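Here is a short note for a colleague opening this structure for the first time. Please read the points with the model on screen.

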Amino acid sequence: MAVFQASAQNAIRVEAPDVVALDEQFNVTFIIEGEKSPSDFSWSYGDSFQLVWGPQKGTSSSIQIINGKRSSSHQTTYTYILMPKSTGTFSLQSASATLGGDRITSQPVSIQVVSDGASSSSSSSQGQSQGGRSSSGSSSSASQAVNGDIPADDLFLRFSLSRSQVVVGEPITATLKLYQRVNIAGFENAKFPTFNGFWSQETFAPSNIEFKRESLDDKIYNTAVLRSYVLIPQQTGTVTIDPAELVCLVNVRTASRATNSIFDSFFQDDVRTIRKRVTTSPVHVKVNSLPAGQPASFGGGVGSFGISARLTADELKTHDAASLIITVSGRGNVTLLEEPKVNFPPDFDVYDTKATENTDKGNGGTSGSKSFEFPFIPRSAGEFTIEPIEYSYYDVTSGKYVTLSTQPLTIKVAKGKGSESAQQPVVSSGIERRDVKSLADDIRFIVTKTPSFKDSGSFFVATPLFFILLGLLLLAAAAVWLVFRKVAAMKADVAGTKNRKASKMALKRLKQAGEYLDRNLYTAFYEELHNALIGFVSDKLNMDMTDMSKDNIASALAAGGIMDEQVKSFTDLLDACEFARYSPDSGNDAMRAHYESAVEAISAIDSRLKGGKAKSGVTAIVAILLMVGAGLNLDAQEDSTFISISPEQESPAAEQYADADPSSLWAAGVQAYNEGRFADAATLWEAILSTGEDSPELYYNLGNAFFKESDYPRAVLNYERALKLDPSYADARYNLEFAENFIQDKIEPVPEFMLKSLVRKLCYMMSSNAWAASFLVLLALALAMLLLFLLGSTAGMRRVGFFTGIVLLLLSMSSLSFSLWQKSDYDEADKAVVMAPVSSVKSSPSGTSSKDLFVVHEGTKVTILDDVSGWYNISLADGRQGWIKADELEVI
């Protein structure tokens with residue numbers, strides 16, 4: 001249904017269908033709204049249509065009172081029912097009426113008349129919601145389905161493209177539309193196309209499906225758009241779009257068996273719902289590649305575009321933020337446009353670009369604009385120009401690349417707060433510097449006590465001595481554990497206890513037998529002597545008393561490594577004791593001989609059995625010692641990489657002191673400093689470096705001497721070296737912060753992650769050597785708690801050992817990590833200080849073919865990222881990068 005409305009406030013609206021059938025009656029309604037009722041309405045339906053009925057006049061009015069103000073409105077309608085006389089496209093004449101003294105008219109209306117109309121039941125589907133149901137019409141046309149037979153021309157799905165031959169990046173508008181001339185009750189199992197090889201975006205996806213009348217091949221259909229897409233091809237060749245599918249629930253009439261009654265057609269027709277699957281055909285798109293010769297400024301655009309650029313502020317102060325906004329607008333693949341390349345002036349900090357897209361949905365999503373915002377912060381004062389920004393796209397119409405260009409943009413930057421040069425400031429005068437009020441009037445004094453010098457770059461952690469102490473701790477813990485385990489095992493071993501006490505029990509019995517010998521108690525003597533022999537063998541060889549036959553004893557002794565002569569001597573003594581117990585007294589001399597033989601036999605057997613075990617123990621101990629010695633040798637052979645000051649970094653005057661004692665040089669330097677001869681003090685202390693030894697205190701004193709000589713870059717360099725050796729050196733850090741106030745470049749560093757900053761501060765609380773010593777102490781305590789956990793006699797002791805040991809182990813590992821962290825920082829020669837008064841930082845390692853990005857001054861600390869042929873790729877604390885000559889830097 002088309003609605004036509006004039007542009008005037010009091011006008012005539014016309015409601016009439018766009019398409020009608022030749023034999024179809026349709027309504028034409030004229031609607032007049034205004035504060036008063038119209039008069040003198042006139043309209044002629046013309047010669048192309050037949051008036052069936054009308055006009056029917058209808059009126060309505062309303063009155064509103066808002067805040068005491070009364071207003072009224074009137075609506076008048078004139079309705080006609082017409083029928084076409086022939087096919088074709090016809091125009092309804094304009095209607096006119098008088099309203100409030102003015103003559104108003106309607107706009108002409110075009111109506112298409114076709115020969116084949118849709119059924120009345122299909123017209124009832126207008127406005128139907130997806131998945132909903134509608135009632136069937138009271139009559140049907142010849143095309144209405146009966147008994148489930150739905151002609152293909154009455155229900156089909158069509159997928160159409162705005163174009164089928166494009167280039168890569170050229171947008172295509174795709175529409176999926178349903179055509180029907182049946183009574184649809186709902187939908188199910190919708191399957192939409194997949195767009196492999198395309199970037200796709202839905203531009204229309206209705207929640208409620210609305211049908212409208214449309215003519216196709218001289219037929220009227222109720223059509224509904226199911227989906228609309230914007231497709232942008234991403235690959236060349238013939239790309240196929242898979243079919244779409246939809247199952248329609250269609251109400252069809254099934255005629256009942258006739259009863260020869262005139263009411264059959266009204267009361268005996270049944271309506272049932274059937275499922276009809278409709279699909280589209282595969283669609284092929286031929287995608288051609290873009291022509292060669294793309295400009296360097298090509299941003300991926302295909303279509304027709306324009307460009308504009310503006311600044312949010314063209315007058316600002318240093319360290320104030322502003323933005324450059326570039327807008328590319330037009331028709332084409334707006335979504336896939338890439339950001340243009342902008343060359344900002346040197347000393348401008350540029351941050352991440354923010355893109356904002358604004359597409360026209362009503363135009364299929366292929367037109368609109370895309371804005372790119374470049375936030376920036378100028379760091380230097382002056383007048384700067386952003387050169388014209390070029391942006392190229394491919395024009396499909398002309399078939400060539402088009403380059404757009406903006407006008408140059410001028411930015412005036414005034415000096416902001418704290419941007420004045422800080423060259424040789426007087427701190428006490430209150431210059432606007434960061435934290436100036438918290439600084440003293442001078443640097444802290446030098447160290448006068450001779451420090452402990454060491455080889456340059458040496459650390460305690462990861463040295464042979466460190467590993468020896470670590471190994472001794474582990475071995476001591478293992479030894480204690482083994483000893484306690486051995487004692488516990490011995491207590492639990494009954495047989496072993498008897499074995500160890502065998503000699504003691506035998507001696508006790510021999511002593512008793514000796515008393516019987518002295519008293520000349522023949523029977524008692526041999527009885528006790530026999531028990532001593534039998535008991536010794538039983539305990540020593542772990543034999544049961546029931547197995548104590550002479551043959552078993554002989555076999556057991558032989559198996560234990562006892563020589564045959566000793567075995568025979570032992571068994572002969574047993575025979576002698578057995579014989580003497582049942583024979584007459586043979587005299588005291590025989591008794592004493594047997595006693596002495598028993599003592600010798602027991603001693604010999606005991607020594608023999610103990611000798612084998614002792615030999616195995618000695619072998620094990622020797623093996624352990626050999627393994628430990630090998631490990632220590634490996635540790636001692638580990639190479640250590642140290643960074644030392646190159647000869648070029650030493651003062652030439654220091655060579656005359658190359659053979660002097662470091663302690664005497666130190667004392668002479670302290671004396672020279674106290675006398676105000678700061679250059680001589682620096683020379684003397686630099687001579688200590690030429691001996692290959694250094695210390696944090698040495699670099700600290702050197703920094704003080706250079707500071708007093710107003711050589712601020714070298715002062716910063718030596719304070720940094722002192723902190724590299726000992727990050728916990730508070731005086732060096734204080735003096736470094738003080739000296740940085742005399743450096744011209746003030747760079748705002750990128751904030752570090754809070755947790756990392758806290759861990760770094762904790763790491764810098766002590767030096768690397770102190771952390772390494774803490775590791776060994778805490779590890780020793782953790783091992784002690786481990787022994788308490790393993791060997792504790794009560795559950796409470798083991799619990800204390802377990803939890804306390806875990807805490808101590810974590811603390812020890814943290815100490816080791818901090819120590820290694822500081823050593824790793826020292827080994828990495830990636831920090832440097834600018835020594836040249838003024839240095840230009842280039843865009844590439846070349847003095848001729850590169851651009852000047854920004855300027856740095858002496859004393860500025862930089863990070864070295866790479867080096868190429870006498871050039872360093874550096875990064876400032878605020879993230880800016882560039883290339884600088886190597887001879888203008890000195891590595892920390």
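1. Start at Gly692. This glycine follows helix α10 and has a positive phi, near 90°. The model is a predicted one, so the points below describe a computed structure.

2. Now look at α10 itself, residues 678-690. What span should its 13 residues have? At 1.5 Å a residue the expected value is 18 Å. The end C-alpha atoms lie 19 Å apart, which agrees. The cut-off for the next step is under 20% relative accessible area for a buried residue. By that rule α10 is mostly covered, with 10 of its 13 residues buried. Among them are Phe678, Leu684, Trp685, Glu686 and Ile688. The cover over the buried residues includes α9 (662-674), β34 (693-694) and α11 (696-708).

3. Trp685 deserves a closer look. Leaving out residues up to four places away in sequence, Trp685 touches Ile446, Leu665, Trp666, Gly669, Val670, Tyr673, Leu698, Asn701, Leu702 and Ala705. Trp685 is also one of the residues with the most contacts inside the largest nonpolar core. The others named there are Phe466, Tyr673, Phe707 and Tyr719. That core has 54 residues. Which helices each supply at least two of its residues? They are α3 (464-492), α9, α10, α11, α12 (712-725), α13 (730-740), α15 (768-791) and α16 (795-827). Apart from this core lies another, of 33 residues, including Ile172, Leu176, Ile274 and Val287. As background, nonpolar side chains tend to be buried together in soluble globular proteins.

4. Val287 leads to strand β22, residues 283-288. Val283, Val285 and Val287 form the covered face of β22. His284, Lys286 and Asn288 form the uncovered face. Which strands pair with β22? Strand β13 (residues 165-167) pairs with β22 in the parallel sense, over 3 bridges. Strand β19 (residues 237-241) pairs with β22 in the antiparallel sense, over 5 bridges. Two residues of the uncovered face can be traced to their partners. Asn288 is the bridge partner of Val167, and His284 is that of Thr240.

5. Leu176, from the 33-residue core, is also a contact of Ala224. Ala224 sits in strand β18 (residues 219-233). Is Ala224 buried or exposed? Its relative accessibility is 1%, so Ala224 counts as buried. Beyond four places in sequence, Ala224 touches Leu176, Lys177, Leu178, Ile209, Glu210 and Phe211. Lys212 is 12 residues away from Ala224 in sequence, with 6.6 Å between their C-alpha atoms.

6. Next, an antiparallel open sheet. Its 3 strands have the order β15-β20-β21. The edge strands, β15 (183-191) and β21 (270-279), each pair on one side only. Neighbouring strands of this sheet are turned by 25° against each other on average, direction ignored. Strands β15 and β20 (residues 245-254) are joined by 6 bridges. Ile184 stands opposite Val250 in β20.

7. A mixed sheet comes next. This open sheet also has 3 strands, in the order β24-β32-β29. Why is one side of β24 and of β29 left without a neighbour in the sheet? Both β24 (315-317) and β29 (382-386) stand at the edges, each with a single partner strand, so one side of each has no neighbour in the sheet. The twist averages 30° from one strand to the next. Strand β24 runs parallel to β32 (residues 409-414), and 3 bridges join them. Ala414 in β32 is the bridge partner of Lys317.

8. One charged residue to check is Asp606. Asp606 lies in helix α8 (residues 588-636). Its relative accessible area is 11%, so Asp606 is buried. Setting aside neighbours within four places in sequence, Asp606 is in contact with Ser503, Phe536 and Lys540.

9. Last, the whole chain. The protein chain has 16 helices and 41 strands. Of its 892 residues, 41% count as buried. Among contacts between residues at least 6 apart in sequence, 71% join residues at least 24 apart. The chain exposes about 46800 Å², and carbon and sulfur atoms supply 52% of that area.

Notes. Residues numbered from 1 in each chain as written. Predicted model: local features only at pLDDT ≥ 70, side-chain atom pairs only at ≥ 80, totals over all residues. Heavy atoms only, no water. Buried < 20%, exposed > 50% of the residue type's maximum accessible area, 1.4 Å probe, protein only. Helix = DSSP H or I, 4+ residues; strand = E, 2+ residues; numbered from the N terminus. Pairing = 2+ DSSP bridges. Axes fitted to C-alpha atoms, helices over the stretch in contact; angles between N-to-C directions. Contact = heavy atoms within 4.5 Å. Areas by Shrake-Rupley, 256 points an atom, 1.4 Å probe, with all protein chains shown as cover. Expected span 1.5 Å × (residues − 1). Core = buried A, V, L, I, M, F, W, Y, C linked by side-chain atoms within 4.5 Å.
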